[in-house]
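Please read the sequence and the model shown below before turning to the report. The text goes through them one topic at a time.

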Amino acid sequence: MKAAEEIKTFNSLKRDGKYFAALINNYKCKIVIDAASESLAIGENQILKVDDLSVRSKFGTDLIFRLAADAAQQHESGICTLRHGKYNSLLIDECRLLGGKWDADSKAWVFSGMVAAEVEALDDLFNGQTAIYEVEFVTDQSARCSSIRVFGYSVAWAKVSR
């Protein structure tokens, strides 16, 4: 099974044997030293696209990551962002598939610059020219404690009144 690629912010502390010792959200973690991470610099707030190789057991989790691409390429590619005015569940799913991370402060999705072309395509699709659609439900639709979504947007929702 292939590890899921994610974008995470690391504070790499030191090179230690076959791993870099690092912090992620103030938790200790390790980054595998291999051909991709050989040129990784020690420092704070490094936004990297990684594969999660963490080992979970009944005793806790050993956080281990491997760079998804060469460290130099990742730093050169930087980051790209995507904003969208309204909540859309389809957009959220697509952003997560690309390894995007929601930044609540800037109210934008943050991605590795390595997926800039895919993010641009999402931007065109979800922030492009608005179209008006008429939707006809062939069967009865109901929403108990949830919403009815069309193209990722909530068009109706249930509300419990007491």
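What follows describes the overall make-up, a sheet with its helices, the nonpolar cores, a pocket and two loop residues.

**Overall make-up**

The model is a predicted one. The protein contains 3 helices and 12 strands. Of its 162 residues, 32% are buried. Taking the contacts between residues at least 6 apart in sequence, 56% join residues at least 24 apart.

**A sheet of three strands**

One open sheet is built from 3 strands in the order β8-β10-β9, and the pairing is antiparallel. The edge positions are held by β8 (79-82) and β9 (101-103); each has a single partner strand, so one side of each has no neighbour in the sheet. On average, neighbouring strands here are turned by 35 degrees against each other, direction ignored. In general, strands of a sheet pair through backbone hydrogen bonds, in a parallel or an antiparallel manner.

Between β9 and β10 (residues 108-112), which run antiparallel, there are 3 bridges. Asp-103 has Ala-108 of β10 opposite it.

Two helices pack on this sheet. Helix α2 (residues 89-97) touches β8 and β10, and its direction makes about 25 degrees with that of β10. Helix α3 (residues 116-127) also touches β8 and β10, and its direction makes about 10 degrees with that of β8.

**Two nonpolar cores**

Nonpolar side chains tend to be buried together in soluble globular proteins. Which residues of the largest nonpolar core touch the most other members? They are Phe-10, Ile-31 and Leu-67, out of 14 residues in that core. Two or more residues are given to this core by each of β2 (19-24), β3 (27-32), β4 (43-52) and β7 (64-67). The largest share is that of β2, with 3 residues.

Leu-67 can be followed further. Setting aside neighbours within four places in sequence, Leu-67 is in contact with a list of residues that includes Ile-31, Ala-36, Leu-48 and Val-50. Polar names appear in that list too, among them Ser-37, Lys-49, Asp-51 and Gln-74.

Another core lies apart from the largest one and has 13 residues, including Leu-82, Ile-92, Trp-109 and Val-119.

**The second largest pocket**

Rolling a probe the size of a water molecule over the atoms shows where empty space remains. The second largest pocket holds about 160 Å³ of space. Its lining is made of 13 residues, and Glu-6, Ile-7, Lys-8, Ile-24 and Lys-101 are the ones nearest its centre. Strand β1 (residues 5-16) contributes the most to this lining, with 5 residues.

**Two residues in the β2-β3 loop**

The loop between β2 and β3 holds Asn-25 and Asn-26. Asn-25 is not a glycine, yet has a positive phi; Asn-26, also not a glycine, has a positive phi as well. Are these two residues buried or exposed? Both count as exposed, because their relative accessible areas of 62% for Asn-25 and 71% for Asn-26 are over the cut-off of 50%. The table sets out their values.

| Residue | Phi | Relative accessible area |
|---|---|---|
| Asn-25 | about 50 degrees | 62% |
| Asn-26 | about 65 degrees | 71% |

Terms used. Residues numbered from 1 in each chain as written. Predicted model: local features only at pLDDT ≥ 70, side-chain atom pairs only at ≥ 80, totals over all residues. Heavy atoms only, no water. Pairing = 2+ DSSP bridges. Helix = DSSP H or I, 4+ residues; strand = E, 2+ residues; numbered from the N terminus. Axes fitted to C-alpha atoms, helices over the stretch in contact; angles between N-to-C directions. Contact = heavy atoms within 4.5 Å. Core = buried A, V, L, I, M, F, W, Y, C linked by side-chain atoms within 4.5 Å. Buried < 20%, exposed > 50% of the residue type's maximum accessible area, 1.4 Å probe, protein only. 1 Å grid on protein atoms, 1.4 Å probe; cavity = no way out; pocket = protein on both sides within 12 Å on 5 of 7 lines; lining within 4 Å. Points joined across faces, edges and corners; volume = space filled by probe spheres on them.
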